[in-house]
Amino acid sequence: MRITAEDWLHKNKLVKLLVYIPLLIIFQNYAYIRSAYILIGLIFISTICILGDFDHEIKKANMIPIGVFCLLYSLMVVVREKVSATDNLNASVSENYMDEIWAIDIVMIFVGAFVLMPMVGGLIRVLPCVAQLIRKVCAKVKLDDFLDKKKLFLYLFCSFLIIWGIGYLSFFPGTIIRYDALYALRAGPVRASDVSPIIFNFAVYGCIKLGMLIGYPNLGVALFCVLQMIITAVVFSYIITWLYGEVESPVMVFVVWALFALHPIYALLSFTMVKDMWYSLAIFMWLPFMYKEATGSFQNQKLRMIMFCVLIIFTMISRNNGFIVAPCLVLTLILFSKNMRRKYAIAGSVSVAVVMLLTRGLMGGVEHNFAESVGPILQQIAMVYAYDGDIEPDDREFLNQILPEEGGWTDSETNVSYAPMCSDNLKYNIDHGLNSTFLNSHRMEFLGAYFRVFINNPDLCIEAYLLNTYGFWEDKEIGLWQSCVTDIEENEFGIYQVSLLPEVVDGIVSNYYRAVWSIIGIAGNYTWMLFFIILSLFLYGKKRYVIILFPMLLNWVVIMMATPIAFAFRYVYYYLMEFPVLMVLLAGTKAAMIHREK
């Protein structure tokens, strides 16, 4: 009988281990994770996985998707280490850049995949056991059904308002991210719709103008922020109440509540005037809907369609990304739900059409700025200009009508036009403004010119794309840029922050919020966790549950297509909301998502 290399390594585990550990050390050193504690931990985990045959017992067919995941993750690590990034997103290519990839880097991609496979395979095998252990431990705490859902919802709602309200009084009338609220005041709600959804702009504009009319602008900000805090408390209370009916033990629900109530980031987001909070609440609300869709647990079909229409409308009016994500979700549900296809198609089409007609009516004929939709493309063209790449004469002449070459596509003595990690420098060039009218009227010609530029300079375009989207695919840099704010910048509208708490209490609350809110993780880590969960669900035979992750996944795709800056955690606030609930769904529900089908 012929013995394969795999079978030989299976029988000679110590030999495999002796080959594996040096490669692990090499890869860890290459990835600049030079921590003895991490190295010891990785060696310990990998030794258990290899000696315990964790990866060998996984079906060979399943090792293919595991191998692909490990290869992609290793590729990410290698590319990440070639990027040199500073804290200044507006820096030029001399500060934020990417080194060349050499042959040794290609080798390290495969070394990394080889090193990761036993650990990833072992983790996938162990997770169901861990989930079962968690359920057993939590089941020992007998809380029973001590509350009906209506009372539970009310208690949750009041607890959020009381706990968050203490923080709010310290930051009265709220906090503002200037890119949204103040710009809507300066430019007007219609003109600002290039940056923020027009419904949000009118809400901000109306509330603050009402405060100004009374003679106290802060009151207008407070009105908006308190209403948003109430809406956030309603959404959180609804989802936790729904989760309470799905889990085997209320202990897990209590943990989720404690996190939402006591971690300052959730309170800060609830009273921060920013469009991303609205959108993240919309994405969060899709979680129970998609879970019911995956499990077939809808009982009231009329309520099901009402929820569907509300979610489509809320997703579209809360952020411009929603105009892509919402129709994609409609199509997803049409394909997934055999019995409801016709109803989803009709209700989804009507909901999308209503929002589009409403938006067009409010816009009053003002044309959308096409540059906002093609930020990464502008970045790629600018990279080719910056490195004097190959641009055909006719295309160069056309592109120079959009932005002049000197000071527009390239830097001038007084202006950094192309910043690899922020497209705003191109879209809002102070010295040489983008010719939006020309670009809007020549969209297809622009895309054609870009296509030719990409064909002639694929390396520069890919490099520009990776730099522009850096914070959403890498897993190392913290990138707290635009994560949240704890203040209100100086402005001409008479809006300012003042604490309404006693000085001693304010000091405690304020220091706690400012010290703890930044402990929120890395956007790229959440993204790779999302991919790992999708991989696990496929391998556990739970493919139908992947639909639960579609709203997050689709929004990530849209971000990778059109993000204006490399780091903006506010674009993915929904990660902070969904992952705690998702972990409970994966491990602690009555039909836990991570256990193997027989």
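A residue counts as partly exposed when its relative accessible area lies between the 20% under which it would be buried and the 50% over which it would be exposed. Keep that scale in mind as you click through this predicted model.

**Stop 1: R186 and E489**

Select R186 first. Its relative accessible area is 42%, so R186 is partly exposed. Now add E489, which is partly exposed as well because its relative accessible area is 30%. The two side chains form a salt bridge, with the closest N and O atoms 4.0 Å apart. Colour the chain by position and you will see that this pair links distant parts of the chain: R186 sits in helix 7 (residues 181–187), E489 sits in the loop between helix 21 (458–468) and helix 22 (503–516), and 303 residues separate them.

**Stop 2: the whole chain**

Zoom out for a moment. The protein chain has 25 helices and four strands. Of its 598 residues, 53% count as buried. If you look at contacts in the chain with a separation of 6 or more, 80% of them come from residues 24 or more positions apart.

**Stop 3: further salt bridges**

How many salt bridges does a search of the whole structure find? There are nine. Here are some to select.

- K82 and D105: their side chains meet in a salt bridge at 3.2 Å, N to O. This pair also links distant parts of the chain, with K82 in helix 4 (residues 60–82) and D105 in helix 5 (residues 103–139), 23 residues apart. Both K82 and D105 are buried.
- R452 and D395: the closest N and O atoms of this salt bridge are 2.9 Å apart. R452 belongs to helix 20 (residues 443–456) and D395 to helix 17 (residues 393–402), 57 residues away along the chain. With a relative accessible area of 34%, R452 is partly exposed, whereas D395 is buried at 5%.
- R80, E81 and D475: select these three together, since salt bridges that share partners join them into one network.

**Stop 4: N457**

Next, select N457, which you will find in the loop between helix 20 and helix 21. Is N457 buried or exposed? Its relative accessibility is 5%, so N457 counts as buried. Show the residues around N457 and leave aside its neighbours within four places in sequence: what remains in contact is V384, G389 and D390.

**Stop 5: two helices side by side**

Hide the side chains and show helix 12 (residues 275–295) with helix 14 (residues 322–336). Their axes come within 13 Å and cross at roughly 0 degrees. Angles under 35 degrees count as roughly parallel, and therefore helix 12 and helix 14 are roughly parallel to each other.

Bring the side chains back to see who makes the contact. From helix 12 come Y279, W286, F289, M290, E293 and A294, and from helix 14 come G322, V325, L329, L333 and F336. Sorted by character, the residues of this contact are nine nonpolar, one polar and one charged.

**Stop 6: aromatic rings**

Now highlight the aromatic rings. The structure holds 42 aromatic pairs. A pair of aromatic rings is described by the distance of the centres and the angle of the planes.

Go to F160 and F236, an edge-to-face pair with 6.0 Å from centre to centre and 85 degrees between the planes. F160 lies in helix 6 (residues 149–170) and F236 in helix 9 (residues 217–244), so the pair links distant parts of the chain, 76 residues apart. Both F160 and F236 are buried.

Then move to Y512 and Y513. Their ring centres are 6.1 Å apart and their planes are at 80 degrees, so this pair is edge-to-face. Y512 counts as partly exposed because its relative accessibility is 40%, whereas Y513 counts as buried at 7%.

For a group of rings, select F69, Y73, W528, F531, F532 and W556, which ring pairs link into a cluster.

**Last stop: P22**

Finish at P22, in helix 2 (residues 13–30). P22 is partly exposed, with a relative accessible area of 40%. Which distance separates the C-alpha atoms of P22 and V115? Draw a line between them: it spans 9.8 Å, although P22 and V115 are 93 residues apart along the chain.

Note on methods. Residues numbered from 1 in each chain as written. Predicted model: local features only at pLDDT ≥ 70, side-chain atom pairs only at ≥ 80, totals over all residues. Heavy atoms only, no water. Axes fitted to C-alpha atoms, helices over the stretch in contact; angles between N-to-C directions. Parallel < 35°, antiparallel > 145°, perpendicular 65-115°, else oblique. Contact = heavy atoms within 4.5 Å. Nonpolar A, V, L, I, M, F, W, Y, C, P; charged D, E, K, R; others polar. Buried < 20%, exposed > 50% of the residue type's maximum accessible area, 1.4 Å probe, protein only. Phe/Tyr/Trp six-rings, centres within 6.5 Å; stacked < 30°, edge-to-face > 60°.
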